[in-house]
Structures are given as C-alpha cells and as structure tokens.
Amino acid sequence: MKELEERIQRDGIVREGEVLKVDSFLNHQCDVELFDHMGAEWARLFAGKRVDKILTIEASGIGIACVVARHFGNVPVVFAKKYQSINLDGDQYCTNIYSFTKQKTYSVIVAKRFLNAGEHVIIIDDFLAKGNALNGLIDICESAGAVVEGIGIAVEKGFQPGGKELRERGYDLQSLAIVKDMDPATGEIEFA
Ligand code: 5GP
C-alpha cells in the first residue's frame with residue numbers, strides 16, 4: 001500500500017536491534033484517516049470472505065482494528081488481553097507469547113463468550129516480526145474452533161521469519177507494507 005510505505009519512509013525511525021519506530025502515526029499517536037484507508041485496502045484484499053469478527057491484541061492493534069471493522073460491516077472487534085500471570089477460571093482461552101520488543105513472555109486471554117466455534121475471523125495487528133504474537137492469536141482461534149479467514153498486518157519486517165512461516169502454513173496473510181531491509185546507521189528503509 002503506497003500511502004503506508006510513503007508514510008513509513010517519511011516518519012519511520014530505524015532503531016538498533018531491528019526495531020522500526022512508527023509511533024508518530026501507527027502505534028502511539030494514531031492517524032485515523034490512514035487507518036481508514038488501511039481498512040479499505042484490507043476490505044479489497046479480503047473481499048468475498050465471510051468475516052464475523054476481528055481479533056487483535058492489546059494495545060497497538062485495538063485502534064487499527066476498530067477503524068478496520070467499519071469496512072467489514074461493523075463486525076465486533078475482540079482484543080486479546082495481556083497479563084504477566086493469570087489464574088485461569090475456565091472461562092478464558094489462554095496462550096503464552098514471547099515479545100520481540102520487550103524480550104519477555106506474557107500470557108494473553110480471550111473470554112470464551114467472545115469467540116465461538118464456527119466463527120470466521122480476520123486477525124489484525126500492527127507489526128509482524130517473528131510471528132509470536134500471531135501464533136498466539138491463531139492458537140486461541142484453534143482452541144475456540146474459530147476459522148482464521150485471513151491475517152492483516154500493517155508492517156511486516158520481511159527480513160524476519162514470521163511472514164514466510166505463516167504463508168507456508170497456508171494462511172492468507174496480507175501485509176500492507178513489507179520492509180525488505182532497513183539500516184539504523186543511514187535510516188534507509190527498503191520495501192519488498
Ligand atoms: P512478533 O511476535 O511477530 O515477533 O512481533 C510482533 C509484535 O511485536 C507486534 O505486535 C509489535 O507490537 C511488536 N513489534 C515487533 N517488531 C516491532 C518493530 O520493529 N517496531 C514496533 N514498533 N513494534 C514491533
């Protein structure tokens with residue numbers, strides 16, 4: 001998606017440790033008009049699919065997913081909640097996710113009553129790096145018996161393995177910008 005790529009070129013900051021900061025428009029300060037255009041693009045890419053719900057993960061995915069839902073008939077948005085550790089009461093689906101940016105493992109839960117067997121889901125998130133966050137969300141969908149119709153990612157770091165692995169597993173993964181290479185010394189960002 002050209003508009004997103006141009007925005008990343010203009011406002012993205014390349015950090016050491018393969019981290020791209022896009023917090024001026026994507027995941028701290030939010031450009032809602034850009035989110036709206038991203039929603040339109042995913043609606044085009046996932047056209048014809050049954051979508052009952054959008055699933056994302058707190059915190060950065062929530063704003064994006066809520067705007068995107070407007071392009072999918074205002075379906076509900078469910079976000080997985082993060083906890084350091086939890087006491088399961090049996091009413092929740094739970095999985096563990098290792099965070100690339102925070103370098104620690106945390107638990108995420110979705111209440112069983114918000115994700116049902118047979119529901120068709122699109123997963124939305126801001127970034128795809130190694131795929132840990134998405135694998136956790138897929139895990140939760142599998143536990144619920146929900147069908148993952150597609151995965152929409154704003155920024156995929158194509159030089160990290162998450163995207164390739166998910167496509168090999170057969171998921172319809174639509175990343176709106178795929179970073180092929182980025183250099184913290186020069187700040188240069190190259191797209192696939
Ligand atoms: P993964 O689980 O695929 O390794 O990483 C995905 C999650 O880590 C995303 O939800 C995002 O919050 C965070 N993340 C990974 N890489 C980056 C990055 O380069 N920049 C930012 N801002 N977040 C990232």
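These are my notebook entries on the ligand, the pocket around it and two backbone details of this structure.

**Entry 1: the model.** I began by noting that this is a predicted model, and I kept that in mind for every value written below.

**Entry 2: the ligand and its shell.** I looked up which residues surround the ligand and found 16 of them, with Leu20, Lys130, Gly131, Ala133 and Lys157 as the closest. Sorting the shell by residue kind, I counted 7 nonpolar, 4 polar and 5 charged residues. I then asked which elements supply at least two residues each to this shell, and they are strand S2 (19-21), strand S7 (120-128) and helix H4 (132-144). Of the contributors, S7 gives the most, with 4 residues.

**Entry 3: polar contacts of the ligand.** Where do N or O atoms of the protein meet the ligand? For Gly131, I found a backbone N or O atom 2.7 Å from an oxygen atom of the ligand, and Gly131 is also listed among the closest residues of the shell. A polar backbone atom of Ala129 lies 2.8 Å from an oxygen atom of the ligand. With Asn27 the contact comes from the side chain, where an N or O atom is 3.4 Å from a nitrogen atom of the ligand. I also noted that the ligand taken alone exposes 500 Å², and that the protein buries 88% of that area.

**Entry 4: the pocket.** I checked where the ligand sits, and the place is the largest pocket, for which I wrote down a volume of about 800 Å³. This pocket is lined by 33 residues, and those nearest its centre are Lys82, Ser99, Thr101, Lys102 and Asp126. The lining divides into 15 nonpolar, 8 polar and 10 charged residues. At least two lining residues come from each of S2, helix H3 (60-69), strand S4 (77-83), strand S5 (92-99), strand S6 (104-111), S7 and H4. Here too S7 gives the most, with 4 residues of the lining, just as S7 gives the most to the shell around the ligand.

**Entry 5: two backbone details.** Before looking at the backbone, I reminded myself that most residues other than glycine have a negative phi, and that most peptide bonds are trans. Against that background I noted the peptide bond from Glu58 to Ala59, which is cis, with omega near 0°. Ala59 is found in the loop between strand S3 (53-57) and H3, and H3 is one of the elements that supply the lining of the largest pocket. The second detail is Glu18, whose phi is near 60° and therefore positive in a residue other than glycine. I placed Glu18 in the loop between strand S1 (13-15) and S2, and S2 supplies residues to the shell around the ligand.

How values were computed: Residues are numbered from 1 along each chain as its sequence is written. This is a predicted model: local features need pLDDT of at least 70, side-chain atom pairs count only at pLDDT 80 or more; totals for chains, interfaces and linings use all residues. Side-chain values use heavy atoms; hydrogens and water are left out. A residue is near a molecule or strand if one of its heavy atoms lies within 4 Å of it. A polar contact is a pair of N or O atoms within 3.5 Å; within protein, one must be able to donate a hydrogen and the other to accept it, and residues adjacent in sequence count only if both atoms are side-chain atoms. Accessible areas come from the Shrake-Rupley method with a 1.4 Å probe; for residues, only the protein chains shown count as cover. On a 1 Å grid over the protein atoms alone, a cavity is a set of points where a 1.4 Å probe fits but cannot get out, and a pocket is an open set with protein on both sides within 12 Å along at least five of seven lines; lining residues have an atom within 4 Å of a point. A molecule sits in a cavity or pocket if more than half of its atoms lie within 2 Å of its grid points. Ala, Val, Leu, Ile, Met, Phe, Trp, Tyr, Cys and Pro count as nonpolar, Asp, Glu, Lys and Arg as charged, and the others, Gly among them, as polar. Grid points are joined across faces, edges and corners, and a volume is the space filled by probe spheres set on the points.
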